[in-house]
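This report introduces a structure to a reader who has not met it before. Please look at the sequence and the model before reading on.

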Amino acid sequence: MKIKVCGLKYQDNINAVADLAPDYMGFICYDRSPRFIGQMENDLFDELPNSIIKTAVFVNENAEQVSKLIALYKFSAIQLHGNESPDFCNRFKNKVTVIKAYGVDEDFDFGILERYKNNVDFFMFDTKTAEHGGSGRKFNWDILNKYELNVPFFLSGGLSPDNMEEVKKIDHPMFYAVDLNSRFETSPGIKDINKLTTAFNTIKKFNSDEVRS
Ligand SMILES: O=C(O)c1ccccc1N[C@@H]1O[C@H](COP(=O)(O)O)[C@@H](O)[C@H]1O
């Protein structure tokens, strides 16, 4: 299972998280979020290893601004949390990794993803909220059993130190990664390195147990 840590904005904290070697790091490019990167220095990532996929998170942003920020910060992935269309996703496919996020509730219809399956690299299943993300709330993960496409997915929404063991019980062939965000913070935009370290160890142990079995 891959690990993404999202919602970073401060140099020291970014470097400390990078030392844990996540697979993805996420940066919120949505000005209504308390984790909004704002006018982050554009050389902030220069010292990060290339192995970490730098991901820009957008909510209904226009394509020109998305392209501009990809170029400015050299993002190699985008995560789209709004009502972005399949065509919008396709515009960026093969240029960067495209992760299309969906807010999931009890009535979520996985059938709507069919139109996206050739235009994205991954889906992300988050908890449905008016804020589009970063709620710290989880959804009923049993619903994931209804997902039948062969596009791998990230799980997000309220992942916390307290539910890492529960994550391990999710048995779905397309389950690709977890996204750790607000429940791993000391304050918005600052990750708690101790909490992340514990979660990373839990996930890495799970990964090595999987390989052995
Ligand atoms: O983190 C935010 O503030 C945010 C705002 C708008 C869209 C997405 C956002 N973050 C993403 O939300 C999910 C769930 O976060 P949480 O674990 O519930 O706090 C996660 O994928 C973040 O990447």
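## Cysteines and ligand site

At 0% relative accessibility, Cys 89 counts as buried, a class that covers values under 20% relative accessible area with a 1.4 Å probe and protein chains only. The model is predicted, with local features needing pLDDT of at least 70, side-chain atom pairs counting only at pLDDT 80 or more, and totals for chains, interfaces and linings using all residues. Residues are numbered from 1 along each chain as its sequence is written, and side-chain values use heavy atoms, without hydrogens and water.

Cys 29 is likewise classed as buried, with a relative accessibility of 6%. The structure holds zero disulfides, a disulfide being a pair of cysteine sulfur atoms within 2.5 Å. For Cys 29, the closest cysteine sulfur belongs to Cys 6 and lies 9.4 Å away, which is too far for a bond. Cys 89 is in no disulfide either, as its nearest cysteine sulfur, in Cys 29, is 16 Å away.

The ligand is surrounded by 25 residues, and Ser 33, Arg 35, Gly 136, Asp 179 and Ser 182 are the closest; a residue belongs here if one of its heavy atoms lies within 4 Å. This shell comprises six nonpolar, 13 polar (Gly among them) and six charged residues. Polar contacts, pairs of N or O atoms within 3.5 Å, are listed below for oxygen atoms of the ligand.

| Residue | Partner atom | Distance |
|---|---|---|
| Arg 35 | side-chain N or O | 2.7 Å |
| Gly 134 | polar backbone atom | 2.8 Å |
| Asp 179 | side-chain N or O | 2.5 Å |

Taken alone, the ligand exposes 500 Å², of which the protein buries 99%, by the Shrake-Rupley method with a 1.4 Å probe.

Technical notes:
A polar contact is a pair of N or O atoms within 3.5 Å; within protein, one must be able to donate a hydrogen and the other to accept it, and residues adjacent in sequence count only if both atoms are side-chain atoms. Buried means under 20% relative accessible area, exposed over 50%, partly exposed in between (1.4 Å probe, protein chains only).
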